[in-house]
Amino acid sequence: MSPHPNHRGQGANSAIEDAGAPADALREAPSVREAPARYRATRKPETDKPQAISRQGWSAEEIEDVFPGQKPADAAPKE
């Protein structure tokens, strides 16, 4: 991840990483069927980080209003 603040190209950086991640998942997963889960397991923690930073200073109500039903990984219940 880029050390720059989220508003300085973080979206482009994330898009580039997202573009290569499916190929990595397909190559590393034991089967094609398991590749999407590997992709999500790899990318979600990385995308949760800039999302959490961008939501700092927001109240829980504001987050729920703007991002209904979404919770950052650190706020989501552990499975």
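**Figure 1. Trp58 in the loop between H2 and H3.** In this predicted model, Trp58 sits in the loop that joins helices H2 and H3. Setting aside residues up to four places away in sequence, Trp58 touches Ile63, Val66 and Phe67. Is the Trp58 side chain buried, exposed or partly exposed? Trp58 has a relative accessible area of 34%, so Trp58 counts as partly exposed.

**Figure 2. A patch of negative charge around Glu61.** Here we look at the surface, where Glu61, Glu62, Glu64 and Asp65 gather in a patch of negative charge. Glu61 belongs to helix H3, which covers residues 60–66. Glu61 counts as exposed because its relative accessibility is 61%, and the cut-off for that label is over 50%.

**Figure 3. Arg43 and its two acidic partners.** Side chains of opposite charge can pair when their charged atoms come close. Which residues are linked with Arg43 in a network of salt bridges? The partners are Glu17 and Asp18.

Take Glu17 to begin with: in its salt bridge with Arg43, the closest N and O atoms are 3.2 Å apart. This pair links distant parts of the chain, with Arg43 in helix H2 and Glu17 in helix H1 (residues 10–28), 26 residues apart.

Now for Asp18, whose side chain meets that of Arg43 in a salt bridge at 2.5 Å, N to O. This pair, too, links distant parts of the chain: Asp18 lies in helix H1 and Arg43 in helix H2, 25 residues apart.

How accessible are the three residues? Arg43 has a relative accessible area of 6%, so Arg43 is buried; the cut-off for buried is under 20%. Glu17 is partly exposed, with a relative accessible area of 26%, and Asp18 is partly exposed at 25% relative accessibility.

**Figure 4. Lys49 and Glu46 along helix H2.** This view stays within one helix: Lys49 and Glu46 both lie in helix H2, 3 residues apart, which is about one turn of the helix. Their side chains meet in a salt bridge, at 3.2 Å from N to O. Lys49 is partly exposed, with a relative accessible area of 46%. Glu46 also counts as partly exposed, at 24% relative accessibility. If you would like to look for others, a search of the whole structure finds 6 salt bridges.

**Figure 5. Arg38 and the residues it touches.** Arg38 is in helix H2, which spans residues 35–54. Leaving out residues up to four places away in sequence, Arg38 touches Ala25, Glu28, Ala29 and Pro30. Leu26 makes a handy landmark: Arg38 and Leu26 are 12 residues apart in sequence, and their C-alpha atoms are 8.4 Å apart in space. Arg38 has 33% relative accessibility, so Arg38 counts as partly exposed.

**Figure 6. Stepping back to the whole chain.** What order do the elements follow from the N terminus on? The order is α-α-α, and the protein chain has 3 helices and 0 strands. Of its 79 residues, 15% count as buried. The accessible surface of the protein chain comes to about 5900 Å², and carbon and sulfur atoms account for 57% of that area. Among contacts between residues at least 6 apart in sequence, 35% join residues at least 24 apart.

Methods
Residues are numbered from 1 along each chain as its sequence is written. This is a predicted model: local features need pLDDT of at least 70, side-chain atom pairs count only at pLDDT 80 or more; totals for chains, interfaces and linings use all residues. Side-chain values use heavy atoms; hydrogens and water are left out. Patches are made of residues with over 30% relative accessible area and no salt bridge: like charges are joined within 9 Å, nonpolar side chains (Val, Leu, Ile, Met, Phe, Trp, Tyr) within 5 Å. Accessible areas come from the Shrake-Rupley method with a 1.4 Å probe; for residues, only the protein chains shown count as cover. A salt bridge is a side-chain nitrogen of Lys or Arg within 4 Å of a carboxyl oxygen of Asp or Glu. Lys and Arg count as positive and Asp and Glu as negative; His and the chain ends are not counted. The place of a charge is taken as NZ of Lys, CZ of Arg, CG of Asp or CD of Glu. Helices (H or I, at least four residues) and strands (E, at least two) are DSSP runs, numbered from the N terminus. Buried means under 20% relative accessible area, exposed over 50%, partly exposed in between (1.4 Å probe, protein chains only). Contact means heavy atoms within 4.5 Å.
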